[in-house]
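Here are a few short exercises to work through with the model open beside you. Take each task in turn, then compare your steps with the solution.

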Amino acid sequence: MKEVVMIVRPEKLEEIKKIIDDIGCGGMTLSTVMGCGTQKGASAEKGVNEIKGYKTTINLLPKIQIEIVVDDQYVEPIIMKIREACASEHVGDGKIFIRNIEEAVRIRTGERGSRAL
Ligand SMILES: Nc1ncnc2c1ncn2[C@@H]1O[C@H](COP(=O)(O)OP(=O)(O)O)[C@@H](O)[C@H]1O
Ligand SMILES: [Mg+2]
């Protein structure tokens, strides 16, 4: 099993939700985050340079972070579809990170591994 973590533009949520539904993934975790990439947030988009009252020289832009845990064979198709939906000619399209997942447990039933997804 792998966890696919995607950090993308908030307006992409509906398209990504559809991609996740289409592959039959059981669930997702979504967080709203602030971040920057290579450009340290330098962009036409207005971000924030203060977090909890502390000033920073980094321009933080709002993104969504979506985490899904899937069987290994879905990782490459997901990457392809997310890129199709989110790649533009503008900086800030986001990133995808892949993590190994050791185990999954559905608490209600005790199912393990893929069956718990
Ligand atoms: N190396 C990284 N580690 C953790 N998060 C990152 C990293 N690079 C980018 N991100 C996250 O992804 C978001 C989008 O990054 P993006 O600007 O598209 O990357 P880049 O400028 O490097 O191409 C950032 O706002 C940040 O939340
Ligand atoms: Mg960037």
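**Exercise 1.** How many Å lie between an oxygen atom of ligand 1 and an N or O atom in the side chain of Lys95?

*Solution.* First, some ground rules: this is a predicted model, where local features need pLDDT of at least 70, side-chain atom pairs count only at pLDDT 80 or more, and totals for chains, interfaces and linings use all residues. Residues are numbered from 1 along each chain as its sequence is written, chains are lettered from A and ligands numbered from 1 in the order in which they are written, and side-chain values use heavy atoms, with hydrogens and water left out.

Next, look at Lys95: the separation is 2.8 Å, which fits a polar contact (a pair of N or O atoms within 3.5 Å). Then turn to Thr38, where a side-chain N or O atom lies 2.3 Å from an oxygen atom of ligand 1. Finally, a polar backbone atom of Gly35 is 3.3 Å from a ligand 1 oxygen atom.

**Exercise 2.** Find how much of ligand 1 the protein covers.

*Solution.* On its own, ligand 1 has 550 Å² of accessible area (Shrake-Rupley method, 1.4 Å probe). The protein covers 70% of that area.

**Exercise 3.** Which strand gives the most residues to the shell around ligand 1?

*Solution.* Begin with the element order from the N terminus, β-α-β-β-β-α-β. Strands here are DSSP runs (E, at least two residues) and helices likewise (H or I, at least four). Strand E5, residues 94–100, gives the most, with three residues.

How values were computed: Polar contact = N/O pair within 3.5 Å; in protein donor to acceptor, adjacent residues only side chain to side chain.
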